[in-house]
Amino acid sequence: MKAPLSWIKEYVDLPADLGIEEITDRLTALGLKLEAIETSGAGIEGPLVVGQVLTAEKEPQKNGKTINWCTVDVGDANGTGEPQGIVCGAHNFKPGDKVVVILPGGVLPGNFQISARKTYGHMSAGMICSARELGLGEEADGIIVLPADAPAPGTDAREVLGLGEEIIEFEINPDRAYALSMRGIARDAALGFDVPFHDPAQVDYPVADGSGYPVRLEDDGCDHFVTRVITGFDPAAPTPEFIVKRLEATGVRSISLAVDVSNYVMMELGQPTHCYDRAKLSGDIVVRRANEGEKITTLDDVVRVLSEEDLLITDDSGPIGIAGVMGGASTEISESTTDIVVEAAHFDPTTVFRSQKRHKLPSEASKRFERGVDPLLPPAAAQRVVELLVEHGGGQAAGVSEVGPGASLETREPFRTITIPVDLPARIIGLDIDEATVVKSLELIGARVAVSGDSLTATIPTYRVDLTDPYDLVEEVARIVGYDKVPSVLPRRATGGGLTRAQQLRRRIGRALAGAGLVEVVDFPFVGDADFTALGLPSDDVRRRTVKLANPLSSEEPGYTTTLLPGLLKVAARNISRGQDGVSLFETATVAFPVDQAAPIYGVDRRPTEQEMEKLLAAIPRQPLHLGVVLAGERTRGGWWGAAEAASWSDAIDVVRRLGAELGVPVEVGSASRAPWHPGRCAVVSVDGVEFGHAGELHPNVCKAFGLPARSAAVEIDLDFLISRVPATAAGPVFSTMPVAKEDVALTVSVDVTVAAVEAALREGAGELLETVRLFDVYEGDQVGEGKKSLAFALRFRAPDRTLKAEETAAAREAAVAKAAELTGATQR
Amino acid sequence: MSGPNTDYDPVEVTPLKAEEVEAARDAALKAIDAATSLEELKQTRLDHAGDRSPLALANREIGALPPAARKEAGQRVGKARGAVNQALAARQKVLEAEHEARMLVEETVDVTLPTDRHPSGGRHPLTTGAEYIADIFVAMGWEVAEGPLIEAEWLNFDALNLGPDHPARTMQDTFWTEPAENHVVLRTHTSPVQARTMLTREAPIYVVCPGRVFRTDEYDATHSPMFHQVEGLAIDEGISMANLKGTLDHFATQMFGEGIVTRFRPSYFPFTEPSAEVDLTCFVCRGAQVVDGVTCRTCKGEGWIEWGGCGIVNPRVLVACGVDPEKYSGFAFGMGIDRTLMFRTGLSDLRTLFEGDVRLTTAFGSEL
Ligand SMILES: [Zn+2]
């Protein structure tokens, strides 16, 4: 919201010595936040004067342009009193016109230095200015031609142009609808400095007698509608300069007198109005809801199909406006309009808001109506429009009609009252605020206040449609007393239990992974079919069923991901393409699986019941926390110690095993076949037989699809599950300090027997004396024969209470080997 | 005649002559001294203290002496052998020390060689940043609350006093899920976590909620469709704006250092009433507005930086979430973690946080 300071000052007696910064500081403190202060004509320096063109000779140039070689009377401003010779490229003037001249030595906005210079064969001493060159507007159809009664040549042109006007731009919060007007801003300025306010809405207007244009309200979306009629209006009358300038300052372009006046009054009071060409109206104006499919051509010449929810202004011809949003083209004021019907009405905010959204037609009018306009304003606003139109466009006011419950004291809504405990502001603000201060603050906003015992009742002025709740009054008191007065006091000590176990474990997992050389990344969860195809997921893979976004940023990625891998693989490829020889990445984030249930929308006047909560929560997609890991390219660096080692399937599986060890959860590893992994190099990981993810080498096609080095490896596990399996307390280990007995065994088995199976058999057979078993060599080749492999295990035996005898160790070893033979067909080499 | 020669004169037996013994001892000591390596010393030991060394031979002769002469001869030889053995041991020690010292010199390496066989990992600054913030509150006895990123519309909006036609609801450009009639959205703020907390816990409540949120912003240097917020909620008897200010001042000081405080300006949020914008003392110029005589670039010479929004929890929200507004009041605040992090670290492009370049994370180590 832009507001010229001079306009605000018309309605409030601000002390003359108050600087603009003091004013904006106070208003910001009151909640009207300063965005910027602009000064019109900023950047103009030196002699800018009124000139009168004496001669103008057209001189065609070789480049096809025609210039004017002018002599201009600039009075004594050039020091000589002689006419000034100036070359001008514009043609919208003639000798005798008064113009704006900047003389040599002057500066125009953008630090454009003016000097006498040779151009087009003449010595041009200065410049005849356009509005754009002065920084006053974008139009550059030609130079500024001043009215004939402008001051004499040589007079400083700044005042003539109204330069130096200070314009304040405010950021107005949605609740402060009243501040979308000079009236509202002036009112806050008045209370801010405790000085008198002169309400521009306090105007005398004729009593409605039905002599205006007839109106019927058939829908309670409109509770107040005023029409005024003007006859004999001069459609050619120009908009007075002060209105053009003020509208320009507020960012509104001048169109025609009728439109400009309507906009001017909206800026002045905050009440939008509309002007119809009376000759184009037929029959009574009727306010009603649209019929489904009804159409209107709006002022912007767009045909709009209406919804049953749209509130319309209609006449016998059909819709002539969408209430509070935009008028229709068929009844628009034109250059031949002599009789005008002025509309000033009050519409339901929600109705206007929905229509504006539906038709994508946000406007200055809808912005005000949807936030709430003072319901008593229509007659005053209509009066202001009529006054200004008659004053500047001729004609006469010829009739007033006012209908709707808002039109009379008997039927309109009573003033809203809010009752609060007198000490509520003090308690909620946390500041000692006495009763007198509370009362005074509320009176400053225009409320009538009655105190009765410990409570206080405020009667709210109609311009404050935002004040409905007790705490709204607290905010009013707070902003008037000043937010800067709020003391800084820590609340009484909270007694929380610290981080939850899961929160601690998640931190621990992150640290463990980082400690293992993995780098965490944060990525977006958006995903598309192309990603799943690149992963090689079968068409019926559950991961292809995503929660779909209705309005994705990219149509390529319309889903919320079910797997962290596509994002991670892309990030890995990005790092490789940026020159990394290898990357080890991890991400922990939730993924989502749809549940296909609708979440209810409840009221807010009470807490939902437990059953209602259950229903609500059941409709939210399942969102487990996943861990994704990708290991691509070098896992260790090469150097003087030897060559780099590439990441492999085993590194990926080791990530999960280590995590299990870190958390005290025994992780089992089995072979699996699942996209996007290499079918022969994919492990499924589980705890107590419950699978919670996969790890291994990526399928070669996946590496290719994502541009990753061959044999890149990846992990994806359900971290919530793993965390849920972490024991609440770790059992302390019992270990023996007796001497250890070491035995190695070499077993030959069929190549398809897994190490895990042999190891399990050895454990089972060896019994309790076995402390550890560890595979230390695998051999396949001639010596073990086709289809076989040799596995070498180191066994360590120890008894809790004694030194083992050689016979005991040997017996245990033999038992282990025998079990391996029985369960896996192993033979001892 | 046979029998012991009782006339035998011990002085007459050559190897046991005093000067012979001393000569053998001196020769041995000289050789020991001359040995320059452990190998040489080994040979010297054989030559002068071995079985066939002169002193060993002399020792063997002692038994052949008449008893009267044995003692003296024994003492003489024993003394000489003792001196030799002592010298050997001493020399052995010296040579061993020399050998060790030489070995250590020979084993010297260039310790400036690279040692980075295993590349370093690291946690993302957004993670450690959120933990840093959470810890400030946990230290005050608060707890960390969490909730899902895909959320019920009612919890994301309605329960927070953002009705279907609330203008503020459209200001937040929401990602809606299909079908729209399922009323499920990507949460636009972490506030639904506050609603969940109130719905599931009894007051008093002191929770902080860091987390990811989504808005349909195009991705550029200062906007992202996904970003991170931290919100706080306190519900207790007698909670006031002063408590809010106290908490945020403490937070600011812990986060940015002594002398950094907050300032409130009136604002509007449906969730709170009264509402305030929170500004933070510019931690670059520390409120001075200039740095080295030049207008501070971080705060553009304001001395303050916009930090977030806050206020007293609107009693309508308390009602919808089952908290008795007659008994309890509360405050809430929220700010962007990404933005706070960019302040702290001087990062200028938000996208740096989300593109996954390992050089970002490794630059921060595992803490902020
Ligand atoms: Zn600064």
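Are A:R464 and A:D466 buried or exposed? In this predicted model, both A:R464 and A:D466 are buried, and their side chains meet in a salt bridge with an N to O distance of 2.9 Å. A comparable description applies to chain B, where B:E131 forms a salt bridge with B:R123, the closest N and O atoms lying 2.9 Å apart, and where both B:E131 and B:R123 are again buried. Salt bridges that share partners join A:R464 and A:D466 with A:R176, A:D188, A:E475, A:E476 and A:R479 into one network.

The salt bridge between A:E610 and A:R607, in which the closest N and O atoms are 3.3 Å apart, is formed by residues of another accessibility class. A:E610 has a relative accessibility of 52% and therefore counts as exposed, the threshold being over 50%, whereas A:R607, with a relative accessible area of 23%, is partly exposed. Over all chains, the structure holds 68 salt bridges. In general terms, side chains of opposite charge can pair when their charged atoms come close.

The contact between the two chains was examined next. In the model, 101 residues of chain A are in contact with 107 residues of chain B, and the two chains bury about 8500 Å² between them, of which 60% lies on carbon and sulfur atoms. Within the area that chain A buries against chain B, A:Y483, A:V522 and A:F524 supply 9%, which is more than any other three residues. The size of an interface is often given as the accessible area lost when the parts come together. Charged pairs also occur between the chains, with a count of 9 salt bridges between chain A and chain B. B:E355 forms a salt bridge with A:R578, with the closest N and O atoms 3.2 Å apart.

Contacts between the chains also involve B:E273, a residue covered by the annotation "binding site" in an unreviewed UniProt entry. B:E273 is found in strand 7 of chain B, which comprises residues 272–281. With a relative accessibility of 6%, B:E273 counts as buried, because the value falls under 20%. When residues up to four places away in sequence are not counted, B:E273 touches A:Y471, A:D472 and A:E475 in chain A, together with B:I312 and B:N314 in chain B. Of these contacts, A:E475 is also one of the residues in the salt-bridge network described above.

Chain B also supplies the protein donors of the zinc ion, namely the SG atoms of B:C282, B:C285, B:C296 and B:C299, which lie 2.2 to 2.3 Å from the ion. The 4 donor atoms subtend angles of 105 to 115° around the zinc ion, and the arrangement is therefore tetrahedral. In sequence, the donor residues are spaced C-x2-C-x10-C-x2-C. The pair B:C285 and B:C299 links distant parts of the chain, with their positions 14 residues apart in the numbering: B:C285 is in the loop between strand 7 and strand 8 (290–291), while B:C299 is in the loop between strand 9 (294–295) and strand 10 (304–313). B:C285 has a relative accessible area of 7% and is buried, and B:C299, with a relative accessible area of 4%, is likewise buried.

Terms used. Residues numbered from 1 in each chain as written. Chains lettered and ligands numbered in written order. Predicted model: local features only at pLDDT ≥ 70, side-chain atom pairs only at ≥ 80, totals over all residues. Heavy atoms only, no water. UniProt positions renumbered as here; feature names shortened; annotations may be inferred. Helix = DSSP H or I, 4+ residues; strand = E, 2+ residues; numbered from the N terminus. Buried < 20%, exposed > 50% of the residue type's maximum accessible area, 1.4 Å probe, protein only. Contact = heavy atoms within 4.5 Å. Donors = N, O, S within 2.8 Å, 3.2 Å for Na, K, Ca; no water. Tetrahedral: all angles 85-135°; square planar, octahedral: opposite > 155°, others 65-115°. Buried area = accessible area lost by both parts, 1.4 Å probe. Salt bridge = Lys/Arg side-chain N within 4 Å of Asp/Glu carboxyl O.
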